[in-house]
Amino acid sequence: MMQTHMKHVRTAAWLIAGLALCFAGCQTAKGPNQVELAQSHFQQGNYTQAYSTAARAANATGGAERDLANYLAGVSAYRLGNMSAAERYLRVAALSKDESLAADASSTLGLIYSQQRQYAAAANAFMRGASLQQGEDRAQGYFYAGVAQQKLGQWPQARTSLLLARKATADKSLIQRIDEQLAVTGYTIQIGAFANRDNADKLASEYAGKVAAAELGSVYVTPGATASGRPLHMVQVGRFATFGAASQAKSKLGLRDAVIVSLQQ
């Protein structure tokens, strides 16, 4: 039987300015019309149609076509915000013998787990994706694995992953981001940032008693700057080894509008 080829849709694996998807040119044997139709729907942004078509194909095909159908169903569900379905299909695709497809599926799983704050699962998925990739894709995988490991307080593992990322990249902007992450030593809760020092001191005083009573460290004012370089006085609470511990402290204090930021050397 004559065979032609089709491009499979590949996930852009990295959360840099939001979560995004793109297409790349890995080749695979042409599957049933339903798989090709699902791909066409996805490329046109018809994610609901792509999901339903790919999901049907995933249950009706085998081999490489099944893997591709699961991948398309997974990334379509991801775009639709159906994370449970996305995870279910992508976990199948991540086991594909097609290493490119498996890497893309694993990387997308890493994004999903990170979004859900399942950092252990995210780190494993990113490491799996990185092990199957080369060049900048590999560097990104190790980088995000390292970030997830830091949030778990796995500092030696995180350092190893970040150094692997640095070795794999020639991208100066990524190298800078890696170096910044290598300087991270823990996390704090930032409850405000002011141009006026008096306002910062006032907020710090308001929370000092509550933070002390909760035994979560102290409230302090530290210097910072805006993106344009204007000085800021940042009001921060406590120092925590893991992102999870900082998140729990934030909830305990009822600081809904606060943000968790990294501490650096």
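These are my notebook entries on what I looked up in this structure, which is a predicted model.

**Entry 1: the chain as a whole**

I started with the overall make-up of the protein chain, and its secondary structure comes to 11 helices and six strands. I then looked up burial, and found that 45% of the 265 residues count as buried. For the contacts with a separation of 6 or more, I noted that residues 24 or more positions apart account for 58% of them.

**Entry 2: the nonpolar core**

Which residues touch the most other members of the largest nonpolar core? I found that this core has 68 residues, and that L90, F143, I189 and I191 are the ones with the most such neighbours. The largest share of the core, eight residues, is supplied by helix 3, which covers residues 63-79. As background I wrote down that nonpolar side chains tend to be buried together in soluble globular proteins.

I followed L90 further and listed its contacts, leaving aside the neighbours within four places in sequence: N70, Y71, G74 and V75 are among them, and so are A105, T108, L109 and I112.

**Entry 3: the largest pocket**

I next looked up the largest pocket, whose volume is about 520 Å³. Its lining is made of 22 residues, and those closest to the centre are F143, Y144, V147, K151 and Q181. When I asked which elements give two or more residues to this lining, the list held helix 5 (99-115), helix 6 (119-131), helix 7 (135-151) and helix 9 (172-182), together with strand 3 (184-194) and strand 6 (259-264). Helix 7 gives the most, with six residues.

I also sorted the lining by residue type, and it divides into 13 nonpolar, six polar and three charged residues. F143 appears in two of my entries, since I had listed it for the core and have now listed it for the pocket.

**Entry 4: aromatic pairs**

How many aromatic pairs does the structure hold? I found seven. A pair of aromatic rings is described by the distance of the centres and the angle of the planes, and I looked up both values for one pair. The ring centres of Y187 and F243 are 5.7 Å apart and their planes stand at 85°, so I entered this pair as edge-to-face. The two residues are 56 apart along the chain, with Y187 in strand 3 and F243 in helix 11 (residues 243-253), and the pair therefore links distant parts of the chain.

Are these two residues buried or exposed? Y187 has a relative accessible area of 5% and is buried, and F243, with 9%, is buried as well, because the cut-off for buried is under 20%. I added that Y187 and F243 form one aromatic cluster with Y119 and W155.

**Entry 5: positive phi values**

Most residues other than glycine have a negative phi, so I looked up residues that depart from this pattern. R117 is not a glycine, yet it has a positive phi of about 60°. R117 sits in the loop between helix 5 and helix 6, and its relative accessibility of 48% makes it partly exposed.

E215 is likewise not a glycine and has a positive phi, here of about 55°. I placed E215 in the loop between helix 10 (197-213) and strand 4 (219-225). E215 counts as exposed, because its relative accessibility is 71% and the cut-off for exposed is over 50%.

**Entry 6: three further residues**

I looked up Q118, which is in the loop between helix 5 and helix 6 and is partly exposed, with a relative accessible area of 35%. The C-alpha atoms of Q118 and A148 are separated by 8.8 Å, while the two residues are 30 apart along the chain.

A193 lies in strand 3 and counts as partly exposed at 39% relative accessibility. Not counting residues up to four places away in sequence, A193 touches L232, H233 and M234. I also noted A193 and T226, which are 33 residues apart in sequence and 9.6 Å apart from C-alpha to C-alpha.

Last, I found G209 in helix 10, partly exposed at 48% relative accessibility. G209 and V219 are 10 residues apart in sequence, and their C-alpha atoms are 9.2 Å apart in space.

Notes:
Residues numbered from 1 in each chain as written. Predicted model: local features only at pLDDT ≥ 70, side-chain atom pairs only at ≥ 80, totals over all residues. Heavy atoms only, no water. Core = buried A, V, L, I, M, F, W, Y, C linked by side-chain atoms within 4.5 Å. Buried < 20%, exposed > 50% of the residue type's maximum accessible area, 1.4 Å probe, protein only. Helix = DSSP H or I, 4+ residues; strand = E, 2+ residues; numbered from the N terminus. Contact = heavy atoms within 4.5 Å. 1 Å grid on protein atoms, 1.4 Å probe; cavity = no way out; pocket = protein on both sides within 12 Å on 5 of 7 lines; lining within 4 Å. Points joined across faces, edges and corners; volume = space filled by probe spheres on them. Nonpolar A, V, L, I, M, F, W, Y, C, P; charged D, E, K, R; others polar. Phe/Tyr/Trp six-rings, centres within 6.5 Å; stacked < 30°, edge-to-face > 60°.
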